[in-house]
Structure formats: C-alpha cells, structure tokens
Amino acid sequence: MKYIVIALFSSLVVSQSTRSQEIKPNDSIVKLNTVIIAPVQQSPERMPETKGNVIFSGKKNEVIKISQITANLTTNNAREVFSRIPGVTVWENEGSGIQINVGVRGLSPNRSWELNTRQNGYDISSDVFGYPEAYYNPPLEAVESLELIRGGASLQFGPQFGGMLNYVLKRETKKEFSFETQNTTGSYNLMSSYNAIGGKVGKFSYYAYNHSRSADGWRENSQYKVRNSHVFLEYAFTEKTKISTEYTNMDYQMQQAGGLTDEQFNNNPRQSFRERNWFGTPWNVFALNFDTKINDKFSSNTKLFGLIAERNSVGFTATPNNPDAINPATNDYDNRRVDRDSYQNFGLENRNLYRYKLGNIENNLAFGIRIYKANTNRKQNGLGTTGSDFNLDIDGKYQRDLDFNTKNVALFFENQFKLTENFSATPGMRYEYINSTGSGRFGIISGNDVPFEEKEISRSKPLFGLGLEYKLGTTNIYANITQAYRPVLFSDITPPAVTDQIDPNLKDASGFNADLGYRGTFKNYLNFDFSLFYLSYNNRIGGVRQFVNNDPTEGTFLYRTNLGETINKGIEGFANLNVTRFFEVENRLGNIDLFATISFIDSRYTDFKIYSASGTAPNVVITENNLKGNRVENAPRYIHNFGIGWNKNNFSTTLQYKMSGKIYTDANNTVTPSANGVTGLLDKYNVLDLSAEYKFLKNYNLRGGINNLTDEMYATRRAGGYPGPGILPGEGRTFFLSIGAKF
C-alpha cells in the first residue's frame with residue numbers, strides 16, 4: 001500500500017507538460033474563440049461556487065455520488081461509503097446500519113451529533129440544539145448523493161463544529177414512470193428489499209420508495225427489523241417556480257447485544273449476555289418546499305419542515321461484569337429499565353441568492369432567516385417488566401419526567417466578492433437567538449416527587465467567518481476561518497443525581513474552524529484535495545467535586561460547569577488517480593482508479609480541570625488535577641483509506657483497506673482496561689472490504705461483496721451506557737448478494 005501512496009503524492013507534485021497539436025493555417029480554417037473543457041470530476045466532487053442559494057466558495061466540501069461508488073449500500077456500510085472523505089471517524093457498534101455514527105477531525109461520532117444532519121436540506125435530528133442526535137438516516141439505496149461541508153458551513157446551516165451532512169434522495173426527472181427494485185440476501189439471515197417508483201408527467205413530478213430489512217446479526221442477541229418509507233410530490237407552476245412536499249416514515253425494533261469486558265471480547269467477540277435489551281425509534285419527518293427564480297439576479301427558497309418521533313429503550317443496563325441472571329429470591333429476572341423520549345419540532349428556513357455586478361465582475365449575496373421550535377419530553381428510569389420481549393410497559397411512574405423546549409431565530413448572510421475573475425473573498429455573519437427551558441419531575445424519594453428546578457437559558461450569538469478562494473485553471477487554493485459553538489445540551493442541565501448541581505451561568509461551548517488547502521482536478525485523470533485544519537473547542541462542560549455546604553462532614557456533590565478547552569489540528573488529504581487515463585489505455589482496459597485518503601489528527605486538552613474525592617466523612621479529601629496535554633477521547637491519531645477500483649463495460653469492483661489508529665476512551669487517557677470494560681485504550685485496526693456490481697440485459701444488476709474480508713477482530717468504541725456498557729465489537733466477516741432492476 002505504501003507504493004500506492006507514493007504514486008498518488010508524486011502525481012501531485014510532478015508537473016505535466018501540456019500536449020499541443022500544431023495546425024498549419026490555410027484558407028479553409030476559421031479561427032474560433034478558445035474553449036476550455038473542464039475535466040469530468042471523479043468522486044468525491046466539490047460544490048460549485050453557488051448552488052441552491054448557498055455560497056460554497058472558499059469552503060472545504062465533498063460530494064459523494066452514490067451511483068459512482070461500489071459498496072455495501074444495503075446495510076449502509078459507512079466505512080465504505082465515507083472512505084473517500086478524509087478525517088471521518090466511524091463508530092461500528094452493530095452491523096444493522098440503522099444509525100450512521102460519523103464524526104470528523106477527532107470529534108465524537110456519537111449518532112453524528114457534532115454535525116448538522118439533514119435530508120434534502122432540512123433537519124432530521126431529535127433537536128438541533130438540545131439533543132442533536134440523529135437516530136434516523138435514510139437507506140443509502142435511496143440516496144443520490146452525500147454532501148459534507150466542514151466547519152465553514154456554520155454560518156449558512158447552523159453552529160455545529162463538525163459542519164453539515166446532507167443526504168440528497170433520488171428523484172426521477174426524465175421518464176413519466178420508472179420502477180426500481182433491489183433485493184438482497186446475506187450473512188446471518190439478512191433479507192432486504194428496496195422498491196421505488198418515480199416520474200414526471202407534465203408539470204407534476206413524484207417519487208416514492210419503501211425499504212424493508214431484517215437480519216439476526218453477526219453477534220448473539222442482535223436481531224433487527226427496519227422499514228423506511230418516503231413520498232415526494234412536486235408541481236412546477238413555471239420553469240422558474242415550483243412547490244413540493246415530502247414525507248418520510250421509519251420504524252424499527254433492534255435487539256441490543258450490549259457491551260463486553262475485555263476478557264469476554266478476547267474470548268469471543270460475538271457473544272452477548274444481554275438478551276432482554278431492545279431499542280426502537282418510530283420517526284416521522286415532513287417538509288414543504290417552495291422554489292422560485294424571480295429574475296436572472298434573484299432566486300429564493302423556503303422550507304417548512306417538522307419532525308415527530310420517539311426514542312424507546314428497555315433493558316438491563318448494568319456493566320457486562322454483572323450478569324443478567326435469574327434472581328433466586330423471586331425465581332425470575334430483575335425488572336428492566338424503560339426510557340422513552342418523544343420529540344416534536346418545527347422550523348422554517350428561507351434562503352435567497354442575489355447576483356449583482358461591481359464593475360464587470362458578478363458577485364453573489366446569500367442571505368436568509370431560520371425560525372425553529374422544538375419540544376422533548378423525556379421519561380426515564382421506569383420500572384419495566386421481567387420479560388425478554390420488546391415491552392415498554394412500566395409499573396408505577398417514571399422516576400424522571402422532564403420537558404425541554406427550544407426556541408431559535410437566526411439571521412445569516414454571506415457575500416462573495418470576486419476581486420478578480422480568479423480570486424474571491426466571502427465574508428459572512430450569522431446571528432443566533434436561542435432560548436432553552438426545562439421543567440418537570442427529577443426523581444421520586446419515599447414516594448414523593450422531587451421537582452426539577454425550572455431552568456431557562458437565553459443567549460444571543462453572533463458568528464463571523466471569512467472564506468478565500470483563488471482559481472488556478474481546474475484547481476484552486478482555498479482558506480476559511482469560521483466561528484462555531486455548541487449550545488448547552490439537555491443532558492448538560494440535567495444533573496446525574498438529585499444531589500448534584502448545575503452552574504446557573506453555564507455557557508455554550510464556542511470556538512472556530514480554520515482550513516487551508518489546495519484541491520481540484522488535472523487532465524481528467526487526477527482528483528485531489530490536501531489541507532491543514534485547526535479546530536478550537538472552548539468552554540467544554542465537566543464536573544467539579546465540592547463539599548456540601550463547604551463542610552467535609554456532609555460529603556460532596558458534583559457541580560457541572562464550564563471547565564476547559566480542546567484543540568484539534570491536523571492534515572487531511574485525498575487523491576484519486578485514474579491509471580488507465582494516465583497511460584491512455586482506457587479503451588482497452590477500462591477505468592482503473594487508485595485512491596487514498598490520509599488523515600493525521602492531533603486532538604488534545606489544552607486546559608481542563610478535574611476533581612476527585614477520596615476518604616470518608618469527616619476526612620474527605622478533594623484533589624484537583626488538569627487534563628492539559630491529554631488526548632481527546634475517541635479521536636484516532638490517524639485514519640487512512642487506500643483502495644483500487646476497476647470498471648469496464650458493465651462490470652465494476654472496488655477493494656479498499658482502512659487503517660485507524662489507537663484511541664483513548666476516556667479523558668484521563670486510561671490505558672489498562674477496567675474490569676467492567678467501560679474504560680481503557682482501544683487498539684488500532686485494519687479492515688479490508690470488497691464489493692462488485694455487474695449490469696446485464698440493460699436494466700438488471702447483480703451486486704455482491706464481502707465486508708471485513710480478513711475477519712479482523714476489532715472494536716471502535718466503548719460505551720458507558722446505551723447501547724450497553726462495555727467494549728462494543730465491530731462486525732467480523734460478512735457477505736451480501738443482491739439482484740436489482742430499473743425500468
């Protein structure tokens with residue numbers, strides 16, 4: 001593999017002479033204006049300067065066209081799909097693909113919560129500000145492309161540090177009626193069926209799909225079944241004005257195999273000691289979209305969107321060194337814990353693009369407004385049944401019954417000033433107003449409700465940013481620096497215990513992203529993007545151990561407040577070399593692509609105080625330390641992907657190799673695994689994947705592949721709670737075989 005890397009990097013720095021052909025003048029030749037034909041972009045592509053009333057000039061971004069890659073789309077294998085985007089960390093704690101857990105640049109991949117996650121441009125997470133976890137993502141067989149815009153996205157899309165991830169769904173715009181089907185079988189009784197219809201009749205367009213999938217899972221106690229349905233309708237009043245509506249419904253039940261201790265993992269990573277743990281999230285997302293182009297200079301888009309959904313779990317949540325066994329006193333299992341969330345959020349986003357000239361050069365102004373309101377009802381610690389099925393019934397009341405509300409108004413603008421035809425500067429600003437409230441029951445003691453002290457946090461946040469871009473033919477140099485922040489989450493204002501307290505002046509995490517890079521295409525055989533990044537993450541929240549009433553004899557409590565800062569910095573690189581185009585043998589051998597994504601990530605605490613208590617009253621001692629210099633948990637030091645793809649006529653195949661470095665799983669950088677498997681260093685891992693597709697009889701296809709070809713035993717994360725404390729194994733070797741058709 002090192003030779004592949006050398007070849008890719010060499011092709012970037014070795015200059016290529018342009019071939020020219022001399023034409024002798026004669027009377028029959030007419031002199032024409034010079035026409036520059038841009039090379040066809042290879043995946044990933046980059047956004048144009050403007051698209052969809054958004055300015056992308058000067059921002060690091062990638063667009064993955066799903067139809068241009070060969071991968072296991074049936075189970076949403078994020079390891080394969082994101083392999084061409086540098087710096088993406090993927091958590092692989094179960095193989096269903098129901099939830100895609102990705103993070104960038106050393107940020108946590110936990111349900112993609114450091115990203116603003118969208119579908120067709122509108123929000124799909126639980127609550128963008130209070131609980132930004134994405135329990136839903138569309139099936140990748142229904143996705144046309146993935147759009148990832150890094151930290152520079154915070155002005156246009158919202159303040160998340162990771163940027164914006166958008167799933168763009170398929171549409172049919174050429175035929176009056178089309179039908180697509182893809183049916184898959186695979187390891188451990190995998191059965192999947194994707195069926196879609198779509199078309200355009202006059203001014204009316206439509207698209208609908210249903211995706212159903214079930215399997216027993218690679219690990220014991222990891223069966224699941226999931227269904228995704230989607231309907232899209234559009235009416236075009238004119239070529240410049242159209243209105244559309246869409247609705248998505250997802251429902252699934254997933255058995256949670258739980259975590260393992262390191263000893264259990266080493267003995268057999270497929271085993272599970274949790275057969276009574278279940279999880280399910282019925283999800284409903286809807287949107288109304290209005291697009292109009294008033295004239296050649298001004299276009300506008302307005303989206304009205306909403307989400308009604310639930311998060312439901314039931315299980316035995318102790319660490320894996322505590323068995324879920326029959327209680328001799330009752331001759332039955334212990335009662336399980338039931339937690340239920342319900343979400344309702346609604347929003348409106350308006351985006352506009354105004355094109356105007358300064359002198360002879362056209363400039364672009366993007367501006368808009370966002371209004372958003374969300375409610376989360378959180379019920380926790382319900383006394384569930386002693387059974388083993390997915391049963392959410394409880395005895396009595398939930399220990400916790402909390403209501404959280406979020407209100408948000410945002411104004412934003414960016415202006416692309418083209419100082420010359422090749423050089424542009426794009427300053428911008430976003431103003432955010434956020435109001436968060438919480439109330440309800442925090443616990444029950446001796447039969448009496450313990451009220452949750454009503455909390456309200458209101459803040460106004462201006463964010464600023466600047467992007468620069470200089471074009472050099474079909475390449476460009478780009479730079480960007482943009483402020484970001486992470487609002488205080490609901491979990492931050494909810495004490496873990498009744499005795500704990502929250503700082504009434506708790507601040508949102510804040511900081512900025514900076515990029516400097518060089519990207520582009522060269523002569524239709526090279527696609528590349530290399531950059532440096534720097535991410536500052538301030539006001540991280542943690543716990544300060546303090547004495548009750550300043551009296552050591554009364555014990556201690558945990559005070560949650562802003563404690564410190566982390567810095568993530570590093571190098572990201574991508575290169576794709578089409579070997580057969582380079583040697584001009586494409587017609588004989590087809591397309592052979594070599595690609596590599598390189599990421600070196602240094603994520604460290606620069607200042608973060610921690611406190612521990614030892615001894616017993618009245619001789620309790622509180623010790624203060626600082627995590628300065630420690631590596632940030634769950635941030636690999638490197639993430640590399642290398643691959644080779646070949647396609648000729650109707651056959652295509654991709655072999656890819658992923659390398660990911662060691663990670664600490666706690667801020668203390670604990671190396672030796674704990675007895676319960678919750679903390680400890682996770683070793684590096686390397687995984688090999690093979691996928692292929694053959695198209696025949698014009699309308700049919702046959703797909704197949706083997707994931708984790710060498711049957712590597714590895715883990716990408718440890719959990720302290722959901723989906724089961726302990727080390728969570730990645731999947732071993734699995735295969736899939738799929739047949740499909742499109743008419």
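At 743 residues, the chain would be expected to show a radius of gyration near 27 Å if it were a compact globule, and the value that comes out is 27 Å, so the two agree. The model behind these numbers is a predicted one. Along its principal axes, the box filled by the C-alpha atoms runs to roughly 105 × 55 × 50 Å.

As for what the chain is built from, the tally is 36 strands and six helices. Buried residues account for 55% of the 743. Turning to contacts with a sequence separation of 6 or more, 68% of them link residues that sit 24 or more positions apart. On the outside, the accessible surface adds up to about 31,900 Å², and carbon and sulfur atoms supply 54% of that. Then there is charge: the chain carries 80 positive and 74 negative charges, and the mean positions of the two sets lie 6 Å from each other.

Zooming in on a single residue, N701 is found in strand β33, which covers residues 700-707. With a relative accessible area of just 9%, N701 falls under the 20% cut-off, and so it counts as buried. Its side chain does have a polar partner, though: the side chain of Q182 makes a polar contact with that of N701 at 2.9 Å. Leaving aside residues up to four places away in sequence, Q182 also turns up among the residues that N701 touches. The rest of that list comprises E693, Y694, K695 and F696, along with S738, I739, G740 and A741.

Technical notes: Residues are numbered from 1 along each chain as its sequence is written. This is a predicted model: local features need pLDDT of at least 70, side-chain atom pairs count only at pLDDT 80 or more; totals for chains, interfaces and linings use all residues. Side-chain values use heavy atoms; hydrogens and water are left out. Helices (H or I, at least four residues) and strands (E, at least two) are DSSP runs, numbered from the N terminus. The radius of gyration is taken over C-alpha atoms; the globule rule is 2.2 Å times the number of residues to the power 0.38. Buried means under 20% relative accessible area, exposed over 50%, partly exposed in between (1.4 Å probe, protein chains only). Contact means heavy atoms within 4.5 Å. Accessible areas come from the Shrake-Rupley method with a 1.4 Å probe; for residues, only the protein chains shown count as cover. Lys and Arg count as positive and Asp and Glu as negative; His and the chain ends are not counted. The place of a charge is taken as NZ of Lys, CZ of Arg, CG of Asp or CD of Glu. A polar contact is a pair of N or O atoms within 3.5 Å; within protein, one must be able to donate a hydrogen and the other to accept it, and residues adjacent in sequence count only if both atoms are side-chain atoms.
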